[in-house]
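Visitor: I would like to learn how to read a protein model, feature by feature. Could you take me through one slowly?

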Amino acid sequence: MDPSFFLSALSASAARVTNPRLVRARSFAPLATLLLAVAAPAPLLAQDGYDIVLAGGRVMDPETGLDAVRDVAVRAGEIAAISEGPLSGTVVLDVSGLVVAPGFIDLHAHGQTNRANEFQARDGVTTALELESGVALPAVYLARRGRGAILNYGATVSHMSVRPKAMPARAGAVRQALAFAGDDPERALRELESAGSAAKYDPVLPEDYPALRAALAEGLAAGALGIGMAHQYYPGANHEEILEVFRFAADEGATIHTHVRNMGIDAMQEVIANAVATGAPLHIVHVNSSSLWRIGPILDLIGGVRSRGFDVTTEAYPYTAASTGLQSALFDPGWKESLRIGYGDLQWQDTGERLTAETFRRYRAEGGTVIIHMMKDEWIREALSRDFVMVASDGMPYAPGAHPRSAGTFSRFLGRYVRDEGLMPLMEGLARITIMPARRLERMTGQAGRKGRLRPGMDADITVFDPDGIIDTATFEDDLSHSVGVAHVLVGGAFVVRDGENVPGATPGRALLGRGSGG
């Protein structure tokens with residue numbers, strides 16, 4: 001709603017206003033009550049000068065441990081004040097009974113469009129990053145998202161996509177891809193990503209490691225937030241090549257976000273040993289779907305190296321199915337044995353149908369996305385029971401039948417696992433999606449020091465939600481649907497969700513840039 005509407009309403013009835021804190025709109029109240037949200041009288045506005053005040057909510061900040069009823073004031077994109085007493089501002093919203101928390105940070109979001117952001121914002125997300133797969137040309141990605149994004153954004157440089165730059169036999173395809181960079185950068189991005197996929201079974205030879213290092217360094221200099229290494233999708237990257245990338249990451253102080261090469265303990269041991277040996281910072285994505293029935297021992301491995309001071313972190317998403325492209329190397333011969341599933345456990349995204357041997361062959365030839373029903377809820381609970389495991393969505397690009405994690409990860413985590421199942425206190429649950437991912441990012445960007453926190457001077461990325469009502473609604477059977485219970489979401493001090501609805505045309509999202517580019 002336009003704040004000018006409320007200013008007009010106030011001027012027409014100013015004589016009747018006797019409470020200096022004003023009549024405030026209660027989130028999720030009846031419509032007649034919502035229309036009473038008004039701006040502060042001129043004398044108070046001149047005194048405080050706040051743009052927005054979230055009044056009377058339960059303010060929860062996992063960094064400091066603050067958990068109390070407070071007013072939170074926003075000015076010029078920052079949190080300006082947190083007060084026990086009343087504050088006034090141009091827009092004052094009564095959020096009593098709701099939790100006011102730092103905006104949720106998603107380290108693993110493949111949905112990098114505003115259509116995807118609409119669902120993510122309704123799930124409480126303020127920052128959605130592409131860190132697992134990364135992007136081939138970070139400069140092109142950043143320019144595209146910089147045209148107007150709902151949420152904050154950023155990406156790693158894709159190891160898979162830049163590998164052909166270090167392969168003499170692929171040099172022609174790379175030159176062709178980069179030839180479009182001047183006039184058609186989007187085509188250059190697609191061509192280079194295609195070249196990376198075409199080379200997925202090819203190794204980078206040791207004599208070409210300097211060229212591989214140079215390609216990765218170029219991505220870091222362009223603003224990448226580390227290195228995306230999803231090497232299960234390009235099995236041509238042998239153990240020596242992966243170790244070389246870890247050496248490079250250690251030299252540059254760059255975090256590696258890895259999807260390990262298979263679902264075995266040995267795959268986890270590979271990346272953990274590389275991190276310990278080189279000193280490279282490491283983040284292991286979706287530990288639940290990369291571990292399956294081995295989740296306990298693998299969490300013990302990760303917890304063990306962390307307890308000895310090594311910079312290794314991990315994440316999980318709260319669903320029992322995965323999702324990826326059917327043409328990927330994950331479905332090379334032997335997939336049924338390695339995943340312990342069959343054709344009927346695969347669900348075709350476009351139609352919702354379960355596959356058969358015949359439809360598997362047909363759809364794999366034409367390409368598309370499947371949902372993979374391969375996990376047990378007890379494995380999810382095992383992951384979330386470890387206090388070092390963050391939550392990230394692995395959200396897919398927007399599509400009508402996309403995996404529900406694309407829309408409901410954080411509401412499901414807070415509603416089902418934190419509130420209903422009581423796996424952890426709410427403050428700890430919030431830490432998993434705010435301050436912990438912010439700290440994971442701090443090595444790569446100074447901007448992360450202003451996110452995931454709710455105190456004066458921090459970026460005004462704020463999520464306001466109903467702790468008793470927040471829950472996901474998206475399912476595996478239907479099209480994507482919004483989560484419920486998220487009342488307001490601010491990104492950089494601007495509403496992207498207000499009164500439980502997306503704000504049309506709001507695009508306050510800003511890039512998170514790696515230190516290699518000065519970020």
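Visitor: Let us begin with a helix; which residues of helix 4 are buried?

Guide: Please keep in mind that this is a predicted model. A residue counts as buried when its relative accessible area is under 20%. In helix 4, which covers residues 114–122, that description fits Ala116, Asn117, Phe119, Gln120, Ala121 and Arg122.

Visitor: What do the buried residues of helix 4 pack against?

Guide: They pack against several elements, including strand 8 (125–128), helix 5 (138–145) and helix 17 (405–420), and strands 20, 21 and 22 are also among their partners. Just after helix 4 comes glycine 124, whose phi is positive, near 90 degrees.

Visitor: Where else is phi positive, in a residue other than glycine?

Guide: Alanine 76 is one such residue, with phi near 55 degrees, and histidine 286 is another, with phi near 25 degrees. Alanine 76 is placed in the loop between strand 3 and strand 4 (78–83), while histidine 286 is found in the loop between strand 13 and helix 12 (287–291).

Visitor: Are alanine 76 and histidine 286 buried or exposed?

Guide: Alanine 76 has a relative accessibility of 68% and therefore counts as exposed, since the cut-off for that word is over 50%. Histidine 286, at 3%, counts as buried.

Visitor: How should I read a pair of aromatic rings, and how many aromatic pairs are there here?

Guide: A pair of aromatic rings is described by two values, the distance of the centres and the angle of the planes. When ring centres within 6.5 Å are taken as a pair, the count for this model comes to eleven aromatic pairs. In one of them, the ring centres of tryptophan 335 and phenylalanine 360 are 5.1 Å apart and the planes lie at 20 degrees, so this pair is stacked. Tryptophan 335 belongs to helix 14 (residues 335–339) and phenylalanine 360 to helix 15 (residues 357–366), so the pair ties together parts that are 25 residues apart in sequence. Both residues are buried, and together with Phe331 and Tyr343 they form one aromatic cluster.

Visitor: Which charged ends sit over a ring?

Guide: The charged end of arginine 115 sits over the ring of tyrosine 398, at 4.6 Å from its centre, and the charged end of arginine 145 sits over the ring of tyrosine 153, at 5.5 Å from its centre.

Visitor: At roughly what angle do the axes of helix 18 and helix 19 cross?

Guide: The axes of helix 18 (residues 426–433) and helix 19 (residues 435–442) come within 3 Å and cross at roughly 30 degrees. Angles under 35 degrees count as roughly parallel, which means that helix 18 is roughly parallel to helix 19. Where the two helices meet, Ala431, Arg432 and Ile433 of helix 18 face Ile435, Met436 and Pro437 of helix 19 in contact. By class, this contact has five nonpolar residues, no polar ones and one charged residue.

Visitor: Where does proline 281 lie, and what does it touch?

Guide: Proline 281 lies in the loop between helix 11 (265–278) and strand 13 (282–284), and at 2% relative accessibility it counts as buried. Leaving aside residues up to four places away in sequence, proline 281 touches Gly253, Ala254, Thr255, Ile256, Asp311, Arg440 and Arg443. Measuring C-alpha to C-alpha, proline 281 and phenylalanine 360 are 38 Å apart in space, and in sequence they are 79 residues apart.

Technical notes. Residues numbered from 1 in each chain as written. Predicted model: local features only at pLDDT ≥ 70, side-chain atom pairs only at ≥ 80, totals over all residues. Heavy atoms only, no water. Buried < 20%, exposed > 50% of the residue type's maximum accessible area, 1.4 Å probe, protein only. Helix = DSSP H or I, 4+ residues; strand = E, 2+ residues; numbered from the N terminus. Contact = heavy atoms within 4.5 Å. Phe/Tyr/Trp six-rings, centres within 6.5 Å; stacked < 30°, edge-to-face > 60°. Lys NZ or Arg CZ within 6 Å of the ring centre and 35° of its normal. Axes fitted to C-alpha atoms, helices over the stretch in contact; angles between N-to-C directions. Parallel < 35°, antiparallel > 145°, perpendicular 65-115°, else oblique. Nonpolar A, V, L, I, M, F, W, Y, C, P; charged D, E, K, R; others polar.
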